[in-house]
Amino acid sequence: RDSDAMQDASNKQICWLGTKKVGSVLIIKVLVPYMNLFKHPPQEYKDLLSAAYQEGHEGVVIDLDKVEFSDSTWGPLDLAIIALKKFSLGRVALCNLHPNIEALLKLCRLDDFLQLRNSEEEAIDAILCKSRDKSEL
């Protein structure tokens, strides 16, 4: 059975996020309220996504429940774009978005490329549904 406890990513300490696996989906939970902590996404985050892809995960959910603010220099969009480099469209979902962050993503029409969901469960279902749709082709 998959662990429900948040763990450090791939046994590396990444203090600003936690991870867990739910079935074949990797959940990444951002644990800080302000996303501009780094000038560039850390290599550990990129390595985490590479490992998840190589292990055969069907998708990634980025849970932004704790994120209250993001400026334009680095934030949720950067996390999603890095994930999209590994996983195809429909296999990356953002959930539990602050209304201002969600409005900005929709204003930029990024909801055409990213799945924006209200909860972790909705995001997982959307990714798994996308996987089933693709396998039926």
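Good morning. Among the contacts in this chain with a separation of 6 or more, 65% join residues that are 24 or more positions apart. I begin with that value, and I should say at once that the model is a predicted one.

Let us turn to the elements of the chain. The secondary structure consists of 4 helices and 5 strands. Followed along the sequence, these elements give the pattern β-β-α-β-α-β-α-β-α.

Next, the surface. The chain has 137 residues, and 44% of them count as buried. Its accessible surface is about 7700 Å², and carbon and sulfur atoms contribute 51% of that area.

I now come to the aromatic rings. How many aromatic pairs does the count give? The count gives 1 aromatic pair. The partners are Tyr53 and Phe87, whose ring centres lie 5.6 Å apart. Their planes stand at 80 degrees, and an angle over 60 counts as edge-to-face, so this pair is edge-to-face.

Where do the two partners sit in the chain? Tyr53 belongs to helix H1, residues 43–54, whereas Phe87 lies in the loop between helix H2 (76–86) and strand E4 (92–95). The pair therefore ties together parts that are 34 residues apart in sequence.

Finally, is each partner buried or exposed? Phe87 has 3% relative accessibility, and because buried means under 20%, Phe87 counts as buried. Tyr53, at 46% relative accessibility, falls between that limit and the 50% above which a residue is exposed, so Tyr53 counts as partly exposed. To close, the edge-to-face pair joins a partly exposed Tyr53 to a buried Phe87. Thank you.

Terms used:
Residues numbered from 1 in each chain as written. Predicted model: local features only at pLDDT ≥ 70, side-chain atom pairs only at ≥ 80, totals over all residues. Heavy atoms only, no water. Phe/Tyr/Trp six-rings, centres within 6.5 Å; stacked < 30°, edge-to-face > 60°. Helix = DSSP H or I, 4+ residues; strand = E, 2+ residues; numbered from the N terminus. Buried < 20%, exposed > 50% of the residue type's maximum accessible area, 1.4 Å probe, protein only. Contact = heavy atoms within 4.5 Å. Areas by Shrake-Rupley, 256 points an atom, 1.4 Å probe, with all protein chains shown as cover.
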